[in-house]
Amino acid sequence: MKTKKILIVMGSGSDAKFMTECAKVLEGFSIGYDMVVSSAHRTPRRTREIAARAGEKGYSIIIAGAGGAAHLAGAMASETILPVIGVPLPSSYLSGMDALLSTVQMPGGIPVATVAIGEAGAKNAALLAVEILALSNRSLHKKLMRYRQDLAGSVGKRK
Ligand code: RP5
């Protein structure tokens with residue numbers, strides 16, 4: 001069985017409508033992933049356990065998406081030295097600005113690489129993860145170059 005390289009975590013099942021964008025990108029690059037729901041405040045022990053064991057389970061990168069006072073990515077980053085990419089989600093009255101600031105403003109020492117709010121962020125989180133993996137994987141590197149060429153070719157075309 002192929003090793004699953006990416007662990008996608010979201011704070012609620014209601015976040016899946018955004019975080020499936022991550023899954024689509026990873027599937028496009030044939031990268032194995034697992035997707036789990038765990039909340040930093042409702043299931044804090046489970047969340048910390050998942051983060052603490054992610055390295056030994058063979059994951060290379062964690063993508064964490066949450067809305068509101070989003071501390072999921074930071075809580076996970078505090079339990080692992082794997083790179084953690086945070087996706088702020090627009091699930092609250094503040095449309096994701098709260099989640100953006102909560103996710104991006106980590107105090108120095110425990111980084112969370114934070115992407116844009118919502119679907120675009122979820123997509124870019126996966127692409128950033130692919131870029132990290134491509135540093136040591138030639139065929140992934142080639143696929144990424146082709147992806148960029150296709151993007152360039154799509155400029156000006158209607159969707
Ligand atoms: C956050 O609260 C979750 O990440 C979600 O974005 C938001 C709302 O969660 P639910 O009330 O839909 O479970 O913790």
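**Ligand shell and a helix pair**

In this predicted model, the residues around the ligand are G11, S12, S14, D15, H41, R42, A66, G67 and S91.

Visitor: What makes the approach of D15 to the ligand a polar contact?

Guide: A polar side-chain atom of D15 lies 2.6 Å from an oxygen atom of the ligand, and because a pair of N or O atoms within 3.5 Å counts as a polar contact, the D15 pair qualifies. An N or O atom in the side chain of S91 is likewise 2.6 Å from a ligand oxygen, while for the side chain of R42 the value is 3.0 Å. The ligand taken alone exposes 360 Å², of which the protein buries 69%.

Visitor: How do the residues of the shell around the ligand divide?

Guide: The shell comprises 1 nonpolar, 6 polar and 2 charged residues.

Visitor: Why is helix 5 called oblique to helix 6?

Guide: The axes of helix 5 (residues 119-134) and helix 6 (residues 138-153) come within 8 Å and cross at roughly 140°. Because only angles over 145 degrees count as roughly antiparallel, and 65 to 115 as roughly perpendicular, helix 5 is oblique to helix 6.

Visitor: Which handedness does the crossing have?

Guide: Helix 5 passes helix 6 in a left-handed crossing.

Conventions
Residues numbered from 1 in each chain as written. Predicted model: local features only at pLDDT ≥ 70, side-chain atom pairs only at ≥ 80, totals over all residues. Heavy atoms only, no water. Near = heavy atom within 4 Å. Polar contact = N/O pair within 3.5 Å; in protein donor to acceptor, adjacent residues only side chain to side chain. Areas by Shrake-Rupley, 256 points an atom, 1.4 Å probe, with all protein chains shown as cover. Nonpolar A, V, L, I, M, F, W, Y, C, P; charged D, E, K, R; others polar. Axes fitted to C-alpha atoms, helices over the stretch in contact; angles between N-to-C directions. Helix = DSSP H or I, 4+ residues; strand = E, 2+ residues; numbered from the N terminus. Parallel < 35°, antiparallel > 145°, perpendicular 65-115°, else oblique. Left-handed = near helix turned anticlockwise from the far one by under 90°.
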